[in-house]
Structure formats: structure tokens, C-alpha cells
Amino acid sequence: MPRPRRCRRVCSEPVYNCFAPKGSLCRESVILSVDEYEIIRLIDLAGLTHEQCAARMDVSRTTVTEMYECARHKLADSLVNGKELHIAGGCYRLCDGSAVGFCGRCRKFSKPEETAGGCHVCRCSENEQV
């Protein structure tokens, strides 16, 4: 039996959750999870190393590397093949600002009534916890 998936810490949910190529007739789509989105944001946009990203998301470096490769493949598939990109789902919790070297965006998304152990309740779907 595999080990339960660890809930990843995410600074904030994306403001935009769907991207589509203009004029594309392709009806296929690609789903990028919120935790994969966060890895792309931290590594490619913020310029963090895999180790720094892992510390911020509270997971191992190898997990970050595997998820990063998967997320980049999904982005490439969307761009090259003209597929819609949807950002949804994943096994994550919103950070309250207590992450190692947090970015400062975390605090404005915290709601004390929703927190459990310093971070928001995990948003894992039933099938993703296995």
C-alpha cells in the first residue's frame, strides 16, 4: 500500500484558472493542479531552486522535481497543441505566512476560522489522497 500523499503548502490560489488559445478549434484541455501551478510560479517566475521551493511547499526536493517535470509537460502540451489549460484540483493547503521564506502574499489570504495547524484545511480530493 502506498504512503499517503502529503498535502502541499501553496501561497495562494491562482487569480486566473483557465487559458485558451485564441481562434483554436481544439476542444481538448489540459488540467494543471494548483500545487503544480505553485511549483511553476516558484521556480520559473520567482527563480527559486528546487530545494527552496520544497522548503516553501513543505515537501521533499524529489517531489518538487517530479511535479515540476509533469507540470512543464502539461504546459508544453497546451502551448504546442493548442489545448485549453485549466488550473484546478490537487492536494494542497493555503499558507498563513508561516512558510520558510514566505513571499508576503500569504497573509492576506488567511482566514483564522479556516486554519488548522497554521495553514488552511487541506483541499485534497478523495481520489488524490491515495
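How do the residues of the lining of the second largest pocket divide into nonpolar, polar and charged? Keep that question in mind as you look through the views of this predicted model.

**Figure 1. The second largest pocket and its lining.** Here is the answer to the opening question: the lining holds four charged residues, two polar ones and two nonpolar ones. You can find them by name, starting with Arg3, Pro4, Arg5, Arg6 and Arg8, and then moving along the chain to Val59, Ser60 and Thr63. The space inside this pocket comes to about 200 Å³. Rolling a probe the size of a water molecule over the atoms shows where empty space is left.

**Figure 2. The whole protein, element by element.** Take a step back and follow the chain from the N terminus: the elements run β-β-β-α-α-α-β-β-β-β. That order contains three helices and seven strands. Of the 130 residues in the protein, 38% are buried. Looking at contacts between residues at least 6 apart in sequence, 78% join residues at least 24 apart.

**Figure 3. The largest nonpolar core.** This core has 21 residues, and those with the most contacts inside it are Ile39, Ile43, Cys53, Met57 and Val64. At least two core residues come from each of these helices and strands: β3 (29-32), α1 (34-45), α2 (50-57), α3 (61-81), β4 (84-87) and β5 (92-94). Helix α1 gives the largest share, five residues. In soluble globular proteins, nonpolar side chains tend to be buried together.

**Figure 4. The surroundings of Met57.** Let us zoom in on one member of the core, Met57. Which residues does Met57 touch, not counting residues up to four places away in sequence? They are Arg8, Arg9, Asp35, Glu38, Ile39 and Leu42. Two names return from earlier views: Arg8 is part of the pocket lining in Figure 1, and Ile39 belongs to the core in Figure 3.

**Figure 5. Asp77 in helix α3.** Is Asp77 buried or exposed? Asp77 counts as buried because its relative accessibility is 19%, and the cut-off for buried is under 20%. Leaving out residues up to four places away in sequence, Asp77 touches Val30, Gly82 and Lys83.

**Figure 6. Confidence along the chain.** The average pLDDT of the protein is 80, and 74% of the residues score at least 70. Over residues 107-120, pLDDT stays under 50, and the model has 27 contacts there beyond four places in sequence. Residues 126-130 also stay under 50, with seven such contacts in the model.

Key: Residues are numbered from 1 along each chain as its sequence is written. Side-chain values use heavy atoms; hydrogens and water are left out. On a 1 Å grid over the protein atoms alone, a cavity is a set of points where a 1.4 Å probe fits but cannot get out, and a pocket is an open set with protein on both sides within 12 Å along at least five of seven lines; lining residues have an atom within 4 Å of a point. Grid points are joined across faces, edges and corners, and a volume is the space filled by probe spheres set on the points. Ala, Val, Leu, Ile, Met, Phe, Trp, Tyr, Cys and Pro count as nonpolar, Asp, Glu, Lys and Arg as charged, and the others, Gly among them, as polar. A nonpolar core is a set of buried Ala, Val, Leu, Ile, Met, Phe, Trp, Tyr and Cys residues joined through side-chain atoms within 4.5 Å. Buried means under 20% relative accessible area, exposed over 50%, partly exposed in between (1.4 Å probe, protein chains only). Helices (H or I, at least four residues) and strands (E, at least two) are DSSP runs, numbered from the N terminus. Contact means heavy atoms within 4.5 Å. pLDDT is the predictor's confidence in each residue, from 0 to 100.
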